[in-house]
Every structure is written in structure tokens, then in C-alpha cells.
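Here is a short report on one protein model. It moves from single residues to cores and cavities.

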Amino acid sequence: MNTPELLAPAGTPEHLETAFAYGADAVYAGQPRYSLRVRNNSFKDVAALGSGIARAHELGKQFYLVSNIAPHNNKVRSYLKDLEPVLEQKPDALIMSDPGLIMLVREKWPDQPIHLSVQANAVNWATVEFWRRQGISRVILSRELALDEIREIRDRVPDMELEVFVHGALCMAYSGRCLLSGYMNHRDANQGACTNACRWNYKEVQHSHDQTGDLIATCSGGVQDVEPKELLLEEPNRPGGFIPAYEDEHGTYIMNSKDLRAVQHVAELTKMGVHSLKIEGRTKSTYYVARTTQVYRRAIDEAVHGKPFDMNLMDELEALSNRGYTEGFLRRHVPREYQTYEQGSSFLGTQQVVGTITDADDRWLTIDVKNKFAPGDQLELINPAGNIRFSADIMENRNGETMEYAPGSGHIVRIPKPEHLPKSLDFTYLTRILPASE
């Protein structure tokens with residue numbers, strides 16, 4: 001059976017190291033000015049990209065450079081000049097979406113591998129065949145495809161590598177082609193400056209009309225003491241086409257997409273020959289990268305060896321903060337299964353990172369604390385070699401004085417070392433398993 005590549009996000013060098021430690025085969029990071037995450041990108045110059053690419057190759061891994069902006073003329077003018085020193089660092093592929101930039105790169109560097117970005121919205125086999133004829137080596141399929149559609153593309157264009165997103169945030173627009181951020185905040189998502197306006201809370205504001213009939217606010221804040229509301233929205237041209245909306249003291253959320261979780265479909269995607277399974281999240285934490293990479297690594301390895309799907313993998317992903325999970329479009333559901341109308345913020349998850357391991361001796365683990373925890377809490381050590389659940393009965397500060405709890409970030413504490421600790425504690429996280437009441 002084909003073993004698909006596991007592709008993880010690398011917004012920073014630390015994310016890159018974490019992804020590879022937990023089993024990723026490749027990472028992707030953005031090119032300055034020309035990717036869709038320009039506001040959150042530690043690979044800000046050629047030297048930083050070169051270091052990341054060199055590190056990936058040192059480990060025998062792949063590094064893909066995201067260059068998928070929708071460029072206007074001013075960026076087309078500077079593109080090839082800015083790209084040339086980056087290509088000298090030898091990234092394994094460029095991830096691109098714009099046909100014009102693809103044409104220019106193919107003309108100047110005909111041997112450079114190019115992967116078609118999800119932003120190009122490839123949703124059928126004819127589109128994939130078209131790009132194969134243009135010399136594209138891989139197509140990242142649109143998130144809006146069902147499993148049977150992916151299978152047909154695989155069967156009809158067998159010589160094209162296919163990549164599929166399996167985890168991470170979903171966009172309310174068609175694979176990211178959204179104008180909302182530009183409209184609301186004058187920051188164009190298609191130029192890399194998305195403000196995630198779809199996920200904000202919007203409060204009802206008291207208003208009146210000016211002389212031209214436009215709405216004007218009559219108070220600076222939201223309406224006070226808003227009672228929870230349940231609304232049905234109806235378009236005048238679509239009578240009976242109701243959209244549910246809920247409003248509470250935090251506002252209303254009618255554009256929030258749930259997060260994609262497709263670990264249960266890894267085996268089927270593997271069987272049909274998908275070349276790469278991709279995790280979204282270049283702006284997420286290193287813990288997010290560690291946890292998702294670890295889970296999907298296990299799912300891929302077990303699928304390749306013919307093992308039945310382990311439902312515990314679903315539970316492990318519940319440990320992460322999320323907006324609620326959906327399978328996306330891989331199986332068809334009613335619209336309410338894609339959107340979360342009731343809550344705009346993330347659910348905390350079943351676990352919370354409380355620290356990282358900085359040292360260990362024969363008796364103690366030294367913890368750089370990130371969030372509050374206390375003796376008696378149920379804990380889990382997240383390590384590339386495997387995870388350990390345990391409970392610590394006592395806690396000390398660095399002076400050996402007993403502590404009732406670790407208050408939070410900025411504190412260093414020691415707890416007794418659990419049994420069967422992995423030899424290496426690099427890239428290790430300590431989490432607290434949250435009681436159901438929290």
C-alpha cells in the first residue's frame with residue numbers, strides 16, 4: 001500500500017523542529033510578501049528560509065515554500081527578482097496558485113517542482129489533467145471535495161500527485177477565496193493579510209438614520225444586558241430558506257466554520273493513493289503541531305499496516321482547543337454540520353498545556369510552567385517517543401520548598417519523575433487533563 005507523506009505547518013523554526021520530531025515527512029512555510037500568512041511568518045528573509053531548508057534536508061525531510069498569493073501587477077514586477085535568491089536555497093517545491101506566476105517560473109526555472117495551491121480551487125479531474133500538462137508535479141485539492149470525487153480524480157489522472165487537507169481550520173469561503181476581511185478591515189485575505197473577520201463576535205448596536213437614510217450608531221457600545229436570542233434569518237428572494245442564528249452576551253456568530261478533523265478517513269485516502277496528507281496551522285502553537293503530527297503519524301502507519309482504525313485517535317485530538325470538529329465535505333452533511341452558529345470562540349479541549357520539560361534527574365522533572373496546575377492533577381507527558389499519563393503528589397520550587405500549586409507562566413517547579421520516562425525529553429509538553437466540569 002502507498003504510504004502518504006505527512007505534511008505539517010512550519011510558521012517558525014521551532015515549529016519545523018517540532019513537526020519533524022513528531023514524525024512529519026515534510027513541512028511548508030511561506031515566502032515573504034508572496035504567501036497568505038504574511039502577518040505570522042518567522043521565515044522573513046532568505047537567510048531564515050535557507051536555514052529551515054538546510055535543516056529539513058539534514059534530517060532527510062522535505063521543505064515546501066508557499067508562494068500562493070493572488071498578485072497584482074506591482075508584485076508580478078518584483079516576483080522573479082525576489083524569488084531567485086530563495087530558489088538558490090533549494091526548496092523541494094513551490095506551492096503556487098496564480099497561472100501567470102506559474103508561467104513565469106516555468107519559463108525561467110523549467111526544472112523547479114511546483115505544487116498547485118488549494119487557492120487554485122482544483123475540484124475536478126479535467127482541471128487536474130490541465131495542470132499536469134502544464135508541468136505541475138502535484139495538485140493540492142480543494143477542501144470542498146467528497147471522498148468519491150477524490151477517488152475519481154485519482155483514477156482518471158494517475159500520474160499526478162494529489163495532496164489533501166486532513167486537519168485544521170476551515171474557511172467560510174471557497175477554499176479561502178474570501179473578501180470579508182478586505183471589506184470589513186481593508187486587509188485583503190488574498191494578499192496574505194486575513195484578519196479572520198468571519199470568526200469575530202458582532203453585537204447589536206442601537207442606531208438611527210441620517211438624512212440620506214444610512215444607518216448611524218446612537219451609542220458607542222453594544223446594547224446593554226442583551227438577552228440570549230434565537231433568530232431565523234430569511235432572504236427575501238428565498239422564502240422558506242431559513243438560516244439559524246444565535247446571540248448571547250458575547251455577540252452572534254453566523255460565519256464560523258468548525259475545524260476539519262479527518263483522521264478517521266486516513267485509511268481510505270491511503271488506499272486510494274493520495275500522495276500527501278496535510279495539516280493546516282502555520283499560526284498555531286508548537287503544541288498543536290506536536291499533537292496533530294503525532295496523531296496523524298500513528299493513523300498513517302496503522303493504516304499502511306492494515307490495522308483497524310483506533311477511535312482513541314479522535315479523543316486525542318479533542319485534547320486540542322477547537323471550534324468543534326467536522327469531517328468537512330469528505331462525506332456529505334447538512335449545512336449545520338459545517339458551521340458553528342452558537343459559539344465564536346474555541347472550545348478549550350480536554351487537555352491544557354501546563355508546561356515544558358527543561359531538565360530531569362534521577363528523581364525530579366523540572367517544569368517551565370505555562371498554565372496553572374497542582375499536585376493531584378491528572379497529567380500527560382507528550383513526547384515524540386510516546387505519551388505517559390500520571391499524577392504528581394508533591395511539587396517544589398527551585399529552592400526545594402513545597403508548593404500547593406504552580407501559579408502560571410514565569411514559574412519553574414519540580415515534580416517527581418514518572419516511570420518509563422523516554423530517554424530524550426526534547427520537544428516534550430506537559431498537559432493537564434481537564435475534569436469534565438471544566
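Isoleucine 367 counts as buried, because its relative accessibility is 0% and buried means under 20% relative accessible area, with exposed over 50% and partly exposed in between (1.4 Å probe, protein chains only). The residue sits in strand β17, residues 364-369. Helices (H or I, at least four residues) and strands (E, at least two) are DSSP runs, numbered from the N terminus. Isoleucine 367 touches Gly355, Thr356, Ile357, Thr358, His411, Ile412, Val413, Ile415 and Leu430, with residues up to four places away in sequence not counted. A contact here means heavy atoms within 4.5 Å. Alanine 406 is 39 residues from isoleucine 367 in sequence, and their C-alpha atoms are 9.7 Å apart.

This is a predicted model: local features need pLDDT of at least 70, side-chain atom pairs count only at pLDDT 80 or more, and totals for chains, interfaces and linings use all residues. Residues are numbered from 1 along each chain as its sequence is written, and side-chain values use heavy atoms, with hydrogens and water left out.

**The whole protein**

The protein has ten helices and 22 strands. Of its 438 residues, 48% are buried. Among contacts between residues at least 6 apart in sequence, 66% join residues at least 24 apart.

**More single residues**

The table places four further residues.

| Residue | Location | Relative accessibility |
|---|---|---|
| Isoleucine 95 | strand β4 (residues 93-96) | 2%, buried |
| Glutamate 280 | loop between β14 (276-279) and α9 | 10%, buried |
| Threonine 293 | helix α9 | 0%, buried |
| Alanine 360 | strand β16 (residues 351-360) | 32%, partly exposed |

Start with isoleucine 95. Beyond four places in sequence, isoleucine 95 is in contact with Tyr28, Tyr64, Leu65, Val66, Ser67, Asn68, His115, Ser117, Ile140 and Lys278. Isoleucine 95 and valine 118 are 23 residues apart in sequence, and 8.9 Å apart from C-alpha to C-alpha.

Two of the residues make polar side-chain links. A polar contact is a pair of N or O atoms within 3.5 Å; within protein, one must be able to donate a hydrogen and the other to accept it, and residues adjacent in sequence count only if both atoms are side-chain atoms. The side chain of glutamate 280 reaches the backbone nitrogen of alanine 169 at 2.9 Å. The side chain of threonine 293 reaches the backbone oxygen of valine 289 at 2.6 Å. Threonine 293 also touches Leu6, Ala8, Ala19, Tyr22, Gly23, Ala24 and Ile279, leaving out residues up to four places away in sequence.

Alanine 360 touches Leu365, Leu421 and Leu425, again without residues up to four places away in sequence. Its C-alpha atom lies 9.1 Å from that of arginine 414, which is 54 residues away along the chain.

**Nonpolar cores**

A nonpolar core is a set of buried Ala, Val, Leu, Ile, Met, Phe, Trp, Tyr and Cys residues joined through side-chain atoms within 4.5 Å. The largest has 85 residues, and those with the most contacts inside it are Phe63, Leu83, Val128, Val139, Leu141, Ile150 and Leu269. Helix α9, residues 286-304, gives this core its largest share, nine residues. A second, separate core has 19 residues, including Val354, Ala392, Met395 and Leu421.

Which residues does leucine 141 touch, not counting residues up to four places away in sequence? They are Val118, Ala122, Val128, Ile150, Ile153, Leu162, Glu163 and Val164.

**Cavities**

On a 1 Å grid over the protein atoms alone, a cavity is a set of points where a 1.4 Å probe fits but cannot get out; lining residues have an atom within 4 Å of a point. Grid points are joined across faces, edges and corners, and a volume is the space filled by probe spheres set on the points. There are three cavities of 30 Å³ or more.

The largest cavity has a volume of about 110 Å³. Of the 13 residues that line it, Ser142, Arg143, Val164, Phe165 and Leu330 are the closest to its centre.

The second largest cavity has a volume of about 60 Å³. Its lining includes Val263, Ala299, Glu302, Lys307 and Asp310. α8 (266-271) and α9 each supply at least two residues of this lining. α9 gives the most, with three residues.

How values were computed: 1 Å grid on protein atoms, 1.4 Å probe; cavity = no way out; pocket = protein on both sides within 12 Å on 5 of 7 lines; lining within 4 Å.
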